[in-house]
Amino acid sequence: MPIQYSDYAIWQRNWMEAGEQERQLSYWTGLLGNEHPVLSLPTDFFRDPEVEYKAAEYNVSFPDELDKNLRSFARSKNMTPFMVLLTAFQILLYRYTGQESIRIGIPNANRHREETAGIIGFFVNTQVFPTQISGSISFDDLLDQCKKITQGAQKHQDLPFDILVDALNLERSLGHNPLFQVMFNHLGHVGKKTHDIQGLEVSSLELDKGCAQFDLTLETQASYDGTLSATFRYAKGLFKFDTIRVFANPSISNLNNKVLVSRWGQGGRRLFWD
């Protein structure tokens, strides 16, 4: 390989020392401001800050034409499917929390230099995408807001997340992650089809889901066969399976004359059937 991971680490350190850290830090602190709200998702169980919650998943398959239509709609808005899906997820979070300030963590591959394309190593950086939502804002305005923030994030993607957290001097809590509690990750048409890998026999293995890094993570993926799927990864100690099922399928809340309502209780907003 022409370079090693250590070379990238040296580059990054030199960038930061040459003033890039101050420039990017100024952007992110200005974007996030002085208020750092915690997203109050409606949990089923009280939060225990000393418990490391096991992760569980709920998978959603969409109609075959959705991926094609999504890409067509995104092109008509001069946007990417990622931006459209992120905007929709922000609206969903607004619906279930009622909070007008929504912050979502976004993993960034951080391989924007050509030399890093084939290097083995962890380059991923986490960014925070804030958005302001209200009942009067239009979907187009939310799309424009998301597009602007995404473009800004791409131009300021080198600042390590831990440096941002330290600079904001946040009051740390064992009960939630700093700056965001929900993550979104969109995987495009990446990798190779298994039957195109000559000389290899490929099979999939079910791995232990481990512990939940965040209260909730949404991962969407467009496959080569033209379908779009989504996985909601959640903390089992905070949410019941049926709660996530309804969260992922809002229309379910109106089935059989049942209405999904919310009340405030100790530890946050609670979902239940009435």
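## Briefing: a buried threonine and the strands around it

Let's start at threonine 217, which is buried, with a relative accessible area of 11%; that value falls below the 20% limit for calling a residue buried. Please keep in mind that this is a predicted model. Threonine 217 sits in strand β5, which covers residues 216-222, and the points below work outward from there.

**Around threonine 217**
- Beyond its neighbours within four places in sequence, threonine 217 is in contact with Met183, Thr231, Phe232 and Arg233.
- The strand that holds threonine 217, β5, runs antiparallel to β6, and 7 bridges join the two.
- Within this pairing, leucine 218 stands opposite phenylalanine 232 of β6.
- β5 and β6 form a hairpin with 5 residues between them.
- In the turn of that hairpin, glycine 226 has a positive phi of about 85°.

**Strand β6 and its other partner**
- Strand β6 spans residues 228-235 and is mostly covered, with 6 of its 8 residues buried.
- Strand β1 (residues 55-61) is also joined to β6, by 7 bridges, and these strands run antiparallel.
- If you would like a pair to look for in the viewer, alanine 56 has tyrosine 234 in β6 as its bridge partner.

**Strands β2 and β3**
- Strand β2 (residues 101-108) pairs with β3 in the antiparallel sense over 8 bridges.
- One pair to find here is proline 107 with its bridge partner in β3, threonine 126.
- Strand β3 (residues 125-132) is mostly covered, and 6 of its 8 residues are buried.

**A helix pair**
- Helix α1 (residues 5-32) packs with helix α4 (residues 139-155) at an angle of about 160°, and their axes are 10 Å apart.
- An angle over 145 degrees counts as roughly antiparallel, so α1 and α4 are roughly antiparallel to each other.
- The crossing of α1 past α4 is left-handed.
- On the α1 side the contact is made by Arg23, Gln24, Tyr27 and Trp28, and on the α4 side by Ile149, Gly152, Ala153 and Lys155.

**The chain as a whole**
- There are 6 helices and 8 strands in the chain, and along the sequence they follow the pattern α-β-α-α-β-β-α-α-β-β-β-α-β-β.
- Of the 274 residues, 38% are buried.
- Among contacts with a separation of 6 or more, 72% are between residues 24 or more positions apart.
- The chain exposes about 16,000 Å², and carbon and sulfur atoms supply 50% of that area.

Technical notes: Residues are numbered from 1 along each chain as its sequence is written. This is a predicted model: local features need pLDDT of at least 70, side-chain atom pairs count only at pLDDT 80 or more; totals for chains, interfaces and linings use all residues. Side-chain values use heavy atoms; hydrogens and water are left out. Helices (H or I, at least four residues) and strands (E, at least two) are DSSP runs, numbered from the N terminus. Buried means under 20% relative accessible area, exposed over 50%, partly exposed in between (1.4 Å probe, protein chains only). Contact means heavy atoms within 4.5 Å. Accessible areas come from the Shrake-Rupley method with a 1.4 Å probe; for residues, only the protein chains shown count as cover. Two strands pair if DSSP finds at least two bridges between them. Axes are lines fitted to C-alpha atoms, for helices over the stretch in contact, and angles run from 0 to 180 degrees between N-to-C directions. Angles under 35 degrees count as roughly parallel, over 145 as roughly antiparallel, 65 to 115 as roughly perpendicular and the rest as oblique. A crossing is left-handed if the near helix is turned anticlockwise from the far one by less than a right angle, and right-handed if clockwise.
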